[in-house]
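Q: I'm new to this structure and would like a close look at a single part of it. Could you walk me through the biggest nonpolar core and the helix packing that goes with it?

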Amino acid sequence: MPESVRLNKENLVTLKSTPGSNSASGKSLELLDWIHDQLTILAEAFGETLTEQRQEIYCAGLADLHHDQLQTAFRRARYELKWFPKLAELRELAGALPGLPSDGRPGPEEAWARMPKGERMEDDSVVWCEEERVAYGACRSLLADGDQIGARMAFKERYQKELAEARSQSRPVQWTMSVGYDVDHRLTTLATAVQEKRMSLDGALNFVPGERRVDFAQMLPPAAAKGLLTGKVEKLPNLPGLTGVLAKMRMEGTVPEELKEDARPRHKTPSERSADEVRVLREKANAQIEFLKRSRNGSESGSA
């Protein structure tokens with residue numbers, strides 16, 4: 001690499017201690033040098049000439065980001081852009097905007113850690129942002145097949161893309177509830193969401209079975225639980241169609257065992273199943289549909 005375009009150690013130390021570059025404070029010289037190398041590679045790919053001063057400006061403007069965010073930004077820049085990116089464009093590709101505080105959305109690793117996986121896919125509840133929901137949909141089939149590594153890669157790639165788009169458009173975060181079968185886990189998830197202000201108390205109560213109200217109240221701070229230990233809660237989620245019927249049965253703990261079992265993810269791919277297995281699965285799926293239709297019709301008749 002030409003000496004004229006490489007940041008030396010003295011410049012890196014100056015960069016870290018210069019007023020106005022607090023975002024680089026505490027970062028290692030290795031990280032700054034790595035950012036410099038990536039910028040040089042990117043410049044070569046686009047036929048761009050970078051001065052030492054421009055390199056310093058870019059390094060200072062990117063040093064507050066995590067290593068995995070920067071890797072994503074540089075990779076996406078090489079394959080998605082037609083011209084050498086501005087500093088703000090690199091930050092957008094990394095899922096961050098310059099000068100903006102955190103919008104409450106979790107980082108890629110934190111988001112992945114929160115997702116239901118393995119045997120808990122149908123049992124665990126999660127209060128997730130819209131970007132997490134979309135990314136989970138992109139990896140769910142891989143999780144169902146037991147491919148944890150592939151699922152993690154698919155989730156992070158899609159989540160970082162959704163995150164960058166949301167932040168570039170300054171979209172406010174939107175939190176929703178994904179309800180699982182395990183009521184105890186659901187209550188813990190809801191209590192955490194209320195404390196972290198990702199869900200209002202009234203919104204959380206929509207997903208708490210009436211008989212578990214006291215248990216839920218005891219998971220909250222005293223100020224938030226005030227008034228929940230008396231009276232009755234009759235709230236149930238008002239979701240349309242078969243989705244609403246199944247959600248209410250999950251919350252009330254009335255889902256039949258055979259339906260719970262069939263709702264769990266299958267670990268065999270279609271190509272691995274025999275003709276008899278395919279036939280049995282189809283029959284079970286049809287039985288589930290008929291069961292839900294009868295439940296819905298019964299619910300509608302009762303409300304009439």
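A: Sure, let's go straight to the core. The largest nonpolar core here has 34 residues, and Tyr-136, Phe-155, Leu-190 and Phe-216 are the ones with the most contacts inside it. Several elements chip in with at least two residues each: the helices α6 (108–114), α7 (130–144), α8 (148–168), α9 (183–195), α10 (201–205) and α11 (213–218), plus the strands β1 (126–129) and β2 (175–178). The largest share comes from α9, which supplies 6 residues.

Before zooming in, keep in mind that this is a predicted model.

Now pick out Tyr-136. Leaving aside residues up to four places away in sequence, Tyr-136 touches Met-115, Pro-116, Met-121, Trp-128, Leu-143 and Phe-155. There is also another core that lies apart from this one: it has 21 residues, with Leu-31, Leu-32, Phe-84 and Leu-93 among them.

Back to the big core, and to two of its helices. How do α7 and α8 sit against each other? Their axes are 8 Å apart and make an angle of about 160°. Angles over 145 degrees count as roughly antiparallel, so that is the label for α7 and α8. As for the handedness, α7 passes α8 in a right-handed crossing.

If you want to trace that contact on screen, start on the α7 side with Glu-131, Glu-132, Val-134, Ala-135, Tyr-136, Ala-138, Cys-139, Leu-142 and Leu-143. Facing them from α8 are Gln-148, Gly-150, Ala-151, Ala-154, Phe-155, Arg-158, Tyr-159, Glu-162, Leu-163 and Ala-166. You'll spot Tyr-136 and Phe-155 in this contact, and both are also among the core residues with the most contacts.

Helix α8 has another partner to look at, α4, which covers residues 67–80. Here the axes are 11 Å apart and the angle is about 80°, which makes α4 roughly perpendicular to α8. From α4, the contact uses Asp-68, Thr-72 and Arg-76, while α8 brings Lys-156, Gln-160, Lys-161 and Ala-164.

Finally, step back to the whole protein. It has 15 helices and 2 strands, and 39% of its 304 residues count as buried. Among contacts with a separation of 6 or more, 67% are between residues 24 or more positions apart. The accessible surface comes to about 16,900 Å², and carbon and sulfur atoms account for 52% of that.

Notes
Residues are numbered from 1 along each chain as its sequence is written. This is a predicted model: local features need pLDDT of at least 70, side-chain atom pairs count only at pLDDT 80 or more; totals for chains, interfaces and linings use all residues. Side-chain values use heavy atoms; hydrogens and water are left out. Helices (H or I, at least four residues) and strands (E, at least two) are DSSP runs, numbered from the N terminus. Buried means under 20% relative accessible area, exposed over 50%, partly exposed in between (1.4 Å probe, protein chains only). Contact means heavy atoms within 4.5 Å. Accessible areas come from the Shrake-Rupley method with a 1.4 Å probe; for residues, only the protein chains shown count as cover. A nonpolar core is a set of buried Ala, Val, Leu, Ile, Met, Phe, Trp, Tyr and Cys residues joined through side-chain atoms within 4.5 Å. Axes are lines fitted to C-alpha atoms, for helices over the stretch in contact, and angles run from 0 to 180 degrees between N-to-C directions. Angles under 35 degrees count as roughly parallel, over 145 as roughly antiparallel, 65 to 115 as roughly perpendicular and the rest as oblique. A crossing is left-handed if the near helix is turned anticlockwise from the far one by less than a right angle, and right-handed if clockwise.
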